[in-house]
Structure formats: C-alpha cells, structure tokens
Amino acid sequence: MSTSMRAKFVISAVERVTGGEKVKFSAVSKSTPYGEDGLDEDNTYAKYSPSASCEIFIANPALHGQFNPGEKFYVDFTPAN
C-alpha cells in the first residue's frame with residue numbers, strides 16, 4: 001500500500017537575499033467567514049493538518065519573484081521509492 005497526502009499551504013513570507021529567495025510556507029487556516037453551509041476549504045484542510053511549516057531556498061533565477069505572500073498552494077506528498 002502506498003501512502004500519499006495532500007496539504008494546503010499559504011506563503012507567509014518571502015525574503016529576497018543575495019543568490020535567491022527564502023520562501024516560508026505555513027498550513028492554511030480559516031481566513032474568511034464561513035459560507036451559509038458552514039464549510040470553508042481552508043478550514044477543512046486545517047482540521048486535518050492544523051500545524052505545518054516549510055521553508056524553501058530558491059536559487060533558480062527563473063523562479064525569483066514568482067512566489068508572493070498570501071498565495072496558496074496544494075502540496076502533494078507521495079513516496080519516492
């Protein structure tokens with residue numbers, strides 16, 4: 001059996017430094033009022049992954065300026081066997 005997981009992250013900060021960018025991600029949380037049905041995708045993700053963080057240093061110049069605070073991304077974890 002292969003285990004996989006999808007998480008949803010938001011960029012919390014981008015630090016532009018010599019040679020690249022440090023991009024900091026954190027798990028999403030409820031950030032807007034619930035709809036009438038009481039559901040919100042960010043809150044659904046936060047329920048199962050309430051705390052997570054990741055920091056990536058991007059040295060590829062083609063990617064500089066492509067990631068900005070507040071943007072959200074799905075991150076898929078699959079085995080790399």
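Two strands are taken as paired when DSSP finds at least two bridges between them, and the exercises below apply this criterion to a predicted model.

**Exercise 1. Determine which elements the chain contains and in what order the strands lie in the sheet.**

Step 1. The inventory comes to one helix and four strands, and reading from the N terminus gives the succession β-β-α-β-β.

Step 2. Pairing must then be followed strand by strand: eight bridges connect β1 with β2 in antiparallel fashion, six bridges connect β2, residues 20–27, with β3, again antiparallel, and six bridges connect β1 with β4, also antiparallel.

Step 3. Chaining these pairs together yields an open sheet of four strands in the order β3-β2-β1-β4, with antiparallel pairing. The edge positions fall to β3 (53–58) and β4 (72–77), each of which pairs on one side only. Averaged over the sheet and with direction ignored, neighbouring strands are turned by 35° against each other.

**Exercise 2. Identify residues that stand opposite one another across the paired strands, and describe the hairpin of β1 and β2.**

Step 1. Between β1 and β4, Phe9 stands opposite Phe73 in β4. On the other side of β1, Ile11 has Phe25 in β2 as its bridge partner.

Step 2. For the pairing of β2 with β3, the residue opposite Lys22 is Phe57 in β3.

Step 3. The hairpin of β1 and β2 has two residues between the strands, and within this hairpin Gly19 takes a positive phi near 90°.

**Exercise 3. Locate the helix relative to the sheet, and find which residues Ala7 contacts beyond its sequence neighbours.**

Step 1. Helix α1, residues 41–48, packs on the sheet and touches β1 (5–17) and β4, its direction making about 100° with that of β1.

Step 2. Once neighbours within four places in sequence are set aside, Ala7 is in contact with Tyr45, Phe73, Tyr74, Val75 and Phe77.

**Exercise 4. List the residues of the largest nonpolar core and state which strand supplies its largest share.**

Step 1. The largest nonpolar core comprises eight residues, namely Ala7, Phe9, Ile11, Val14, Val23, Phe25, Ile58 and Phe67.

Step 2. At least two residues of this core come from each of β1 and β2, and the largest share, four residues, is supplied by β1.

Step 3. As background, nonpolar side chains in soluble globular proteins tend to be buried together.

**Exercise 5. Decide whether Val28 is buried or exposed, and establish which residues surround it.**

Step 1. Val28 lies in the loop between β2 and α1. Its relative accessibility is 3%, and because the cut-off for a buried residue is under 20%, Val28 counts as buried.

Step 2. Leaving out residues up to four places away in sequence, Val28 touches Lys8, Phe9, Val10, Asp42, Tyr45, Ala46 and Lys72. One of these, Lys8, is 20 residues from Val28 in sequence, while the C-alpha atoms of the two are 6.0 Å apart in space.

**Exercise 6. Characterise the whole chain by its burial, its surface and the sequence range of its contacts.**

Step 1. Of the 81 residues in the chain, 21% are buried.

Step 2. The accessible surface amounts to about 5,800 Å², and carbon and sulfur atoms account for 54% of this surface.

Step 3. Among contacts in the chain with a separation of 6 or more, 68% involve residues 24 or more positions apart.

Terms used:
Residues are numbered from 1 along each chain as its sequence is written. This is a predicted model: local features need pLDDT of at least 70, side-chain atom pairs count only at pLDDT 80 or more; totals for chains, interfaces and linings use all residues. Side-chain values use heavy atoms; hydrogens and water are left out. Axes are lines fitted to C-alpha atoms, for helices over the stretch in contact, and angles run from 0 to 180 degrees between N-to-C directions. Contact means heavy atoms within 4.5 Å. A nonpolar core is a set of buried Ala, Val, Leu, Ile, Met, Phe, Trp, Tyr and Cys residues joined through side-chain atoms within 4.5 Å. Buried means under 20% relative accessible area, exposed over 50%, partly exposed in between (1.4 Å probe, protein chains only). Accessible areas come from the Shrake-Rupley method with a 1.4 Å probe; for residues, only the protein chains shown count as cover.
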